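Welcome! Please take a moment to look at the sequence and the 3D view below, and then let us walk through them together.

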Amino acid sequence: MSKNELPLAGVRVAEFSHMVMGPTCGLVLGDLGADVVKVEPNPAGDHTRRVPGSGAGFFVMFNRNKRSLALNLKSSEGLEIARRLVRRSDVLIENFRPGAMDKLGLGYEAMKADNPGLIYTSAKGFLPGPYEHRTALDEVVQMMTGLAFMTGPRGRPLRVGASVNDIMGGMFAAIAVLAALKERDRTGKGQYVSSGLFENCALLMGQNMAQYLVTGKPVPPMPDRLAAWSVYDVFDCAGGDQLFVGVVTDTQWRVFCEAFGFADFAADESLATNTQRCHARDRIMPRLRELFASMPRDVLAEKIAAIGLPYSPIAKPEDLIEDAHLKASGGLLPITLPDGRQVELPALPLSMGGRRFGIHHDVPRVGEHASEVLDELGYDADAIRDLEARGIIGLDPGSPATRAAE
């Protein structure tokens with residue numbers, strides 16, 4: 001479908017953000033059709049482009065469907081360009097430390113005066129309160145809320161193996177933007193909205209908080225937990241492979257016992273309900289582990305699939321690159337890496353009217369869209385070349401728009 005047919009076509013977004021949380025908000029809005037202009041420092045661009053190790057994929061994952069404008073915001077002319085951009089925008093996204101945008105002259109009150117309909121969106125470590133000036137990271141709030149305690153073995157807190165709070169925090173910011181745009185339709189007024197990394201992680205832990213309040217017992221970490229289902233485990237298989245298998249209803253238990261020859265378990269009234277079986281795992285699990293250890297993983301998986309029970313091999317992230325379901329269902333989108341390689345990365349995990357949302361802008365090079373954005377803001381070709389010559393903006397020499405301005 002064309003970009004003009006997307007749900008957020010016509011919504012203009014100015015993104016002043018880096019790392020994961022703010023860019024995720026821009027990613028969601030951009031995939032849904034908003035025109036997202038990512039403002040990056042000139043000349044080097046967003047420092048997230050250069051993060052090594054576990055952060056090496058941040059920029060390429062969270063910055064598709066955006067246009068890049070490289071600006072020197074320490075200059076008065078660069079700030080004026082930014083203000084022009086915000087004046088014509090419906091949404092501003094920022095995720096810098098508290099007060100940073102105000103010091104630049106791009107804070108909410110200043111931008112509200114310029115553009116009363118603006119949805120000013122801050123993705124922060126904490127919502128207003130005693131912690132709001134603390135520095136937060138995904139890992140920090142996982143430690144603060146108990147998520148790391150729940151994930152690792154007792155005495156060894158362990159962060160989750162993905163930026164869950166940054167990503168979800170960006171998603172909640174996007175939800176707030178959509179609600180604020182809807183409210184603006186009714187009132188004609190913009191507003192300030194924000195999402196908090198810490199509060200996001202607290203929401204993730206809500207089920208564990210509720211467990212404590214319901215049971216009155218401290219919640220053990222996942223490796224020590226009393227399972228909610230009698231069979232919900234990773235099993236070793238013949239040949240050294242592993243398979244996760246779940247048996248989560250009484251009906252599934254009867255089907256499972258019949259398929260695997262556990263007639264005595266099926267006939268045992270003390271194992272008739274899931275609650276009973278959870279308290280009898282010391283009787284059940286050794287027999288299951290012994291049988292499954294004698295079966296090749298693929299044979300076990302085929303048998304489990306045939307009776308309709310939940311199961312999965314233990315995948316690694318790189319296995320998803322060739323996942324048959326993702327590839328067939330539009331779940332992977334074409335992306336160009338900085339070295340020019342063509343790869344595929346996950347799409348938004350949703351569909352609307354049977355539509356999946358794809359690519360209308362590849363991950364941008366630094367300043368790739370500066371000429372076209374400045375043209376839209378009223379700068380002519382001579383002014384654009386002068387701004388580049390004085391280091392106010394950066395122009396990517398490979399972009400068609402830049403070549404046209406020369």
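What follows is a short tour, from the whole protein down to single residues.

Before we start, keep in mind that this is a predicted model. The protein has 19 helices and 12 strands, so there is plenty to look at as you turn it around. If you follow the C-alpha trace along its principal axes, it spans about 85 × 45 × 40 Å. Of the 406 residues in the protein, 43% are buried. The contacts also tell us how the chain folds back on itself: among those between residues at least 6 apart in sequence, 70% join residues at least 24 apart.

Now let us go to a pair of helices. Helix α11 covers residues 250-260 and helix α15 covers residues 297-306, and the two pack with their axes 10 Å apart, at an angle of about 135°. How should we describe that angle? Angles over 145 degrees would count as roughly antiparallel, and those from 65 to 115 as roughly perpendicular; α11 and α15 are therefore oblique to each other. Their crossing is right-handed. On the α11 side, the contact is made by F256, A259 and F260, while α15 brings L300, K303 and I304. Sorted by kind, the residues of this contact comprise 5 nonpolar, no polar and 1 charged.

Our next stop is helix α8, which runs over residues 164-187 and holds N165. Is N165 buried or exposed? Its relative accessibility is 0%, and buried means under 20%, so N165 counts as buried. Leaving aside residues up to four places away in sequence, N165 touches D138, V141, Q142, L147, L197, N200, C201 and L204.

Helix α8 is also the place of K182. Here the picture is the opposite one: with 59% relative accessibility, K182 counts as exposed, because the cut-off for exposed is over 50%. To get a feeling for distances, find F244, which is 62 residues from K182 along the chain; the C-alpha atoms of the two are separated by 43 Å.

Another lysine, K124, is found in strand β5, residues 119-124. K124 has a relative accessible area of 13%, so this lysine is buried. What does K124 touch, once residues up to four places away in sequence are not counted? The list is M21, E94, F96, R97, P98, S195, G196 and L197. With F96 there is a polar approach to look for: a polar atom of the K124 side chain lies 2.4 Å from the backbone oxygen of F96.

Finally, let us visit some loops, where the backbone has a few details to show. In the loop between β1 (12-16) and α1 (21-31) you will find M19. Phi of M19 is near 60°, a positive value in a residue other than glycine. M19 is partly exposed, with a relative accessible area of 30%.

N65, in the loop between α2 and β3 (66-71), has a positive phi as well, of about 55°, although N65 is not a glycine. At 1% relative accessibility, N65 counts as buried.

The last detail concerns P43, which sits in the loop between β2 (35-41) and α2 (58-62). Look at the peptide bond leading from N42 to P43: this bond is cis, with omega near 10°.

Conventions:
Residues numbered from 1 in each chain as written. Predicted model: local features only at pLDDT ≥ 70, side-chain atom pairs only at ≥ 80, totals over all residues. Heavy atoms only, no water. Axes fitted to C-alpha atoms, helices over the stretch in contact; angles between N-to-C directions. Helix = DSSP H or I, 4+ residues; strand = E, 2+ residues; numbered from the N terminus. Parallel < 35°, antiparallel > 145°, perpendicular 65-115°, else oblique. Left-handed = near helix turned anticlockwise from the far one by under 90°. Contact = heavy atoms within 4.5 Å. Nonpolar A, V, L, I, M, F, W, Y, C, P; charged D, E, K, R; others polar. Buried < 20%, exposed > 50% of the residue type's maximum accessible area, 1.4 Å probe, protein only. Polar contact = N/O pair within 3.5 Å; in protein donor to acceptor, adjacent residues only side chain to side chain.
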